[in-house]
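Let's take a walk through a protein model together. Have the sequence and the 3D view open, and we'll go from the overall layout down to single residues.

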Amino acid sequence: MRIAAFLIGMSGTAVAVAAGAIHLGYSGWAVTGFVVGTLVISQMLYLGLILLMTREESLNRREGSASDAPSDTLIPIHKSQQSGL
């Protein structure tokens, strides 16, 4: 997930929460509290997502052995296929 998409989503959610709280008649301080709470919860969820992706990536790397080097999976290019050689 790109950070710009996350920021747009987080901002949109905060605006929606603020609009809902204002519509329900909450005071300005309550609306501010709801918005701050929404931002904090959004950031905590994003951090959790990053930690899960990091854990998954580390498990994938641990499962691969030294014999599975990236050079073993590359397609060999012969001199006739290389440009300029």
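What follows is a short tour, starting with the whole chain and ending at a pair of charged residues.

First, a word on what you're looking at: this is a predicted model. The protein has three helices and zero strands, so if you read along the sequence, the pattern is simply α-α-α. How much of the protein is buried? Buried residues account for 12% of its 85 residues. The protein exposes about 7200 Å², and carbon and sulfur atoms supply 67% of that area.

Now find helix H2, which covers residues 28-63. Is its length what you'd expect for a helix? Let's leave the guesswork aside and do the sum: with 1.5 Å a residue, the 36 residues of H2 should span 52 Å, and the end C-alpha atoms are 53 Å apart, which agrees.

Which residues of H2 are buried? They are Val31, Val35, Thr38, Ser42 and Tyr46. Look at the numbers in that list, Val31, Val35, Thr38, Ser42 and Tyr46, with the geometry of a helix in mind. An α-helix makes a turn every 3.6 residues, so residues three or four places apart point the same way. And what lies over the buried residues of H2? Part of the cover is helix H1, residues 3-23.

Let's zoom in on Ser42, one of those buried residues in H2. Why does Ser42 count as buried? Its relative accessibility is 14%, and the cut-off for buried is under 20%. The Ser42 side chain reaches back to the backbone oxygen of Thr38, at 2.8 Å. Leaving aside residues up to four places away in sequence, Ser42 touches Phe6 and Met10.

Follow that contact across to Phe6, and you land in helix H1. Phe6 is buried too, because its relative accessibility is 13%. Phe6 also shows how the fold brings distant parts of the sequence together in space: Phe6 and Gln43 are 37 residues apart in sequence, but their C-alpha atoms are 9.1 Å apart.

Back in helix H2, go on to Tyr46. Tyr46 counts as buried because its relative accessible area is 15%. Tyr46 and Ile3 are 43 residues apart in sequence, while 9.7 Å separates them in space, C-alpha to C-alpha.

Next, turn to the surface. Leu24, Tyr26 and Phe34 form a nonpolar patch there, with about 330 Å² of accessible area together. Where does Tyr26 sit? You'll find Tyr26 in the loop between H1 and H2. Tyr26 has 44% relative accessibility, so Tyr26 counts as partly exposed.

Our last stop is about charges. How many salt bridges does the structure hold? There is one. Arg61 forms a salt bridge with Glu57, and the closest N and O atoms are 3.1 Å apart. Both Arg61 and Glu57 lie in helix H2, four residues apart, which is about one turn of the helix. Are these two buried or exposed? Arg61 counts as exposed because its relative accessibility is 64%, whereas Glu57, with a relative accessible area of 38%, is partly exposed.

Definitions and conventions
Residues are numbered from 1 along each chain as its sequence is written. This is a predicted model: local features need pLDDT of at least 70, side-chain atom pairs count only at pLDDT 80 or more; totals for chains, interfaces and linings use all residues. Side-chain values use heavy atoms; hydrogens and water are left out. Helices (H or I, at least four residues) and strands (E, at least two) are DSSP runs, numbered from the N terminus. Buried means under 20% relative accessible area, exposed over 50%, partly exposed in between (1.4 Å probe, protein chains only). A polar contact is a pair of N or O atoms within 3.5 Å; within protein, one must be able to donate a hydrogen and the other to accept it, and residues adjacent in sequence count only if both atoms are side-chain atoms. Contact means heavy atoms within 4.5 Å. Accessible areas come from the Shrake-Rupley method with a 1.4 Å probe; for residues, only the protein chains shown count as cover. The expected span of a helix is 1.5 Å times one less than its number of residues. Patches are made of residues with over 30% relative accessible area and no salt bridge: like charges are joined within 9 Å, nonpolar side chains (Val, Leu, Ile, Met, Phe, Trp, Tyr) within 5 Å. A salt bridge is a side-chain nitrogen of Lys or Arg within 4 Å of a carboxyl oxygen of Asp or Glu.
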